[in-house]
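Me: I should like to learn how to read a helical structure. Where should one begin?

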Amino acid sequence: SSLIGGFIADKISNSGNSNYRPRARLWIPAIGSLLAIPAWTSFILTDSTTTAAVSLLIEYIVAECWFGPTLAALYNSVPTNRRGVAQ
């Protein structure tokens, strides 16, 4: 899910384009967190093991999309010679 999140964030921010919007990249983690709320609620409130497993899978997929866009934003905010130690 972090690869998908990074791919979508790059498309939204138009990276490599003259119309580059660096802040748009950070919308993906926020949207993923909001989309995870119903899945997490379903996981907590269900009595069915199958529904709980599917809800948790969906929650992990949408909630963990933050990793790629967040690291890309972090690496782009530091000078090129410091990117290896930015994390």
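**Reading a helix pair**

Reply: Let us begin with one residue, Ala-39, whose place is in helix H2, residues 27-45. Helices (H or I, at least four residues) and strands (E, at least two) are DSSP runs, numbered from the N terminus. The model is predicted: local features need pLDDT of at least 70, side-chain atom pairs count only at pLDDT 80 or more, and totals for chains, interfaces and linings use all residues. Residues are numbered from 1 along each chain as its sequence is written, and side-chain values use heavy atoms, with hydrogens and water left out.

Me: How many helices and strands does the chain have?

Reply: The chain has four helices and zero strands. Along the sequence, the pattern is α-α-α-α.

Me: Is Ala-39 buried or exposed?

Reply: Buried means under 20% relative accessible area, exposed over 50%, and partly exposed in between (1.4 Å probe, protein chains only). Ala-39 has a relative accessible area of 10%, so it is buried. In the chain, buried residues make up 22% of the 87 residues.

Me: Which residues are in contact with Ala-39, leaving aside its neighbours within four places in sequence?

Reply: Contact means heavy atoms within 4.5 Å. With those neighbours left aside, Ala-39 is in contact with Ser-55, Ile-58 and Glu-59. Ser-55 has its place in helix H3, and Glu-59 lies in H3 as well. A further distance concerns Tyr-60: its C-alpha atom is separated by 9.0 Å from that of Ala-39, although the two residues are 21 apart along the chain.

Me: How does one judge the length of a helix?

Reply: The expected span of a helix is 1.5 Å times one less than its number of residues. For the 19 residues of H2 this gives 27 Å, and the end C-alpha atoms are 28 Å apart, which agrees. H3 (residues 49-63) has 15 residues and reaches 21 Å from its first C-alpha to its last, close to the 21 Å expected.

Me: Where does a kink lie in H2?

Reply: The bend at a residue is the angle between axes fitted to the seven residues ending there and the seven starting there. In H2, a kink of about 30° lies at Ile-37, shortly before the proline Pro-38.

Me: Which residues of H3 are buried?

Reply: They are Ala-52, Ser-55, Glu-59, Val-62 and Ala-63. These residues cover an arc of only 105° around the axis (taken from the directions from the helix axis to the C-beta atoms), and therefore they are on the same side of H3. On the other side of H3, Thr-49, Thr-50 and Leu-57 are exposed. The buried residues of H3 pack against H2, where the buried residues include Gly-32, Ala-36 and Ala-39.

Me: With which side chain does the side chain of Ser-55 make a polar contact, and what is the distance?

Reply: A polar contact is a pair of N or O atoms within 3.5 Å; within protein, one must be able to donate a hydrogen and the other to accept it, and residues adjacent in sequence count only if both atoms are side-chain atoms. The side chain of Ser-55 makes such a contact with the side chain of Ser-42, at 2.8 Å. Ser-55 is buried, with a relative accessible area of 7%. Not counting residues up to four places away in sequence, Ser-55 touches Ala-39, Ser-42 and Phe-43.
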